[in-house]
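Visitor: I should like to understand the reasoning behind the labels attached to this model. Please set each label against its criterion.

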Amino acid sequence: MIITRRLAAGACALLAALAGGVVPAHAADGPPKDSPKVELVLDVSGSMSTRDIDGGSRMSAAQQAFDDVIDALPDGVRLGIRTLGATYPGDDKEIGCKDSRQLYPVGKVDKTEAKTAVATLRPTGWTPISLALRGADQDLGTDGGTRRIVLITDGEDTCGQPDPCEVARELAAKGTHLTVDTLGLAHDDKTREQLSCIAEATGGTYTTVRHRKELTGRVKQLVKRSETPVETVKPVQGASACATAPELGAGVFTDREQFSEHRWYRVKVKPGQELRASASVAADRQVDRDYGVLLRAVGEDGQELVRGSDAGSGRTDVMATGLRYATGKVKKNGDQDGKDGKAVCLEVSHSFSAPASVKRDPGLPVELAVDLVKSPDNPSDLAAFGLGRGWILLAVLGVTGLLAGLLWGWLARWRVAVWREN
């Protein structure tokens, strides 16, 4: 009897050990708990049946994009899918505004199961964006890892209160490092304004999508971005002149700039360093059709070092440009000025304008990214040689034009002489 009990106990212990060994091995197959988490939130409301994306419906474009994203999902990312407006086709607003559910749980993805679940969706109901955002926040949990929501919708919230923008601010205020990126499949001003506000409240981005490839590429980019450490964006207020500008180090900074306003910032660049800077201005309201953005690097003496600019016409969400400025290394004899570095002033300006009916306050959102890296030993960019300064470039063009003119004149005289001789 004793031997039987001991055998039974040994068998139970063996089974327990095997079971204990199986669970960790199975868990090890998926991403660790501190890995990034992304939830794709898809609008499945009735308007998604509109056929205006590459000849097909918005719904089919989203489904194809989801298939491509799932196939290309990085191994280290936990993915989930939530829908809004996918189950209730009726007219009762109270019921329709509760229509949001998690289609696929956040975690390791079985690609076949996930794609099958997405393939069954059909445009159906309302657009309860606020409810979906709160649900996605709960789906992501708080067990570590970066948290990102990617919202794909073709319209604004149809349920009214609570306002999705206020919900986004509420989620951001919880301090759980949640980022919400929004993609709009419709191009009306109300949708654009609401989705921009949601994204801005959480440090995310808003993108207007007109083609399926754009949708696929953007969602892939956002999912991939979740793998990289989140850069903390720092608020800053630029000055109206270089002398009083705030000093910045490497990082990402946000500001607000009024129409026709210029903002200045200072960066100390040490010998042997290269300054890399980019500036973007977002059009978060109705603006006129012609616009541009200018970023200049200027020395303390007021001389322009290098500039970057871009311009466009039509509808846009953001306009960006960048520049690079490299400094040489300190010479051994120490005769180079500024051993401790020189101050470079960055001026950000834009040519956005708007009808008189558009609100001026607050100014347009500005994002300034600054990085300082090791300068190349033999800088090949024009700024390193000073050719970014207008007078040198003008001299080069002038000499080239003079030589070309002399050559053309000599050829013309030779042809006239030959003509006369014959």
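**Labels and their criteria**

Guide: Glu347 and Arg296 are both buried. The model in which they occur is a predicted one.

Visitor: What makes Glu347 and Arg296 a salt bridge?

Guide: The closest N and O atoms of Glu347 and Arg296 are 2.6 Å apart. A salt bridge requires a side-chain nitrogen of Lys or Arg within 4 Å of a carboxyl oxygen of Asp or Glu, so the pair qualifies. Glu347 belongs to strand β17 (residues 342-350) and Arg296 to strand β14 (residues 290-299), 51 residues apart, and the pair thus links distant parts of the chain.

Visitor: Which residues are joined into one network with Arg296 and Glu347?

Guide: Glu304 and Arg307 are joined with them, through salt bridges that share partners. The structure as a whole holds 21 salt bridges.

Visitor: Why is Arg58 called buried, whereas Asp52 is called partly exposed?

Guide: Arg58 has a relative accessible area of 9%. Buried means under 20%, therefore Arg58 is buried. Asp52 has a relative accessible area of 36%. This value lies between 20% and 50%, so Asp52 is partly exposed.

Visitor: How do you know that Asp52 and Arg58 form a salt bridge?

Guide: Their closest N and O atoms are 2.7 Å apart. The cut-off is 4 Å, so the pair of Asp52 and Arg58 satisfies the criterion.

Visitor: How do you know that Arg212 forms a salt bridge with Asp68?

Guide: The closest N and O atoms of Arg212 and Asp68 are 3.3 Å apart. That distance is within 4 Å, so the pair counts as a salt bridge. The pair links distant parts of the chain, with Arg212 in helix α8 (residues 212-225) and Asp68 in helix α2 (residues 58-71), 144 residues apart.

Visitor: Why do Arg212 and Asp68 count as partly exposed?

Guide: Arg212 has a relative accessibility of 23%, and Asp68 has 29%. Partly exposed covers the range between 20% and 50%, so the label applies to Arg212 and likewise to Asp68.

Visitor: Helix α8 also contains Leu215. Why does Leu215 count as buried?

Guide: Leu215 has a relative accessibility of 2%. The limit for buried is under 20%, therefore Leu215 is buried.

Visitor: Which residues does Leu215 touch, leaving aside those up to four places away in sequence?

Guide: Leu215 touches Ala61, Ala62, Ala65, Ile152, Leu183, Leu185 and Val209. Leu215 and Leu185 are 30 residues apart in sequence, and their C-alpha atoms are 8.8 Å apart in space.

Conventions:
Residues are numbered from 1 along each chain as its sequence is written. This is a predicted model: local features need pLDDT of at least 70, side-chain atom pairs count only at pLDDT 80 or more; totals for chains, interfaces and linings use all residues. Side-chain values use heavy atoms; hydrogens and water are left out. Buried means under 20% relative accessible area, exposed over 50%, partly exposed in between (1.4 Å probe, protein chains only). Helices (H or I, at least four residues) and strands (E, at least two) are DSSP runs, numbered from the N terminus. Contact means heavy atoms within 4.5 Å.
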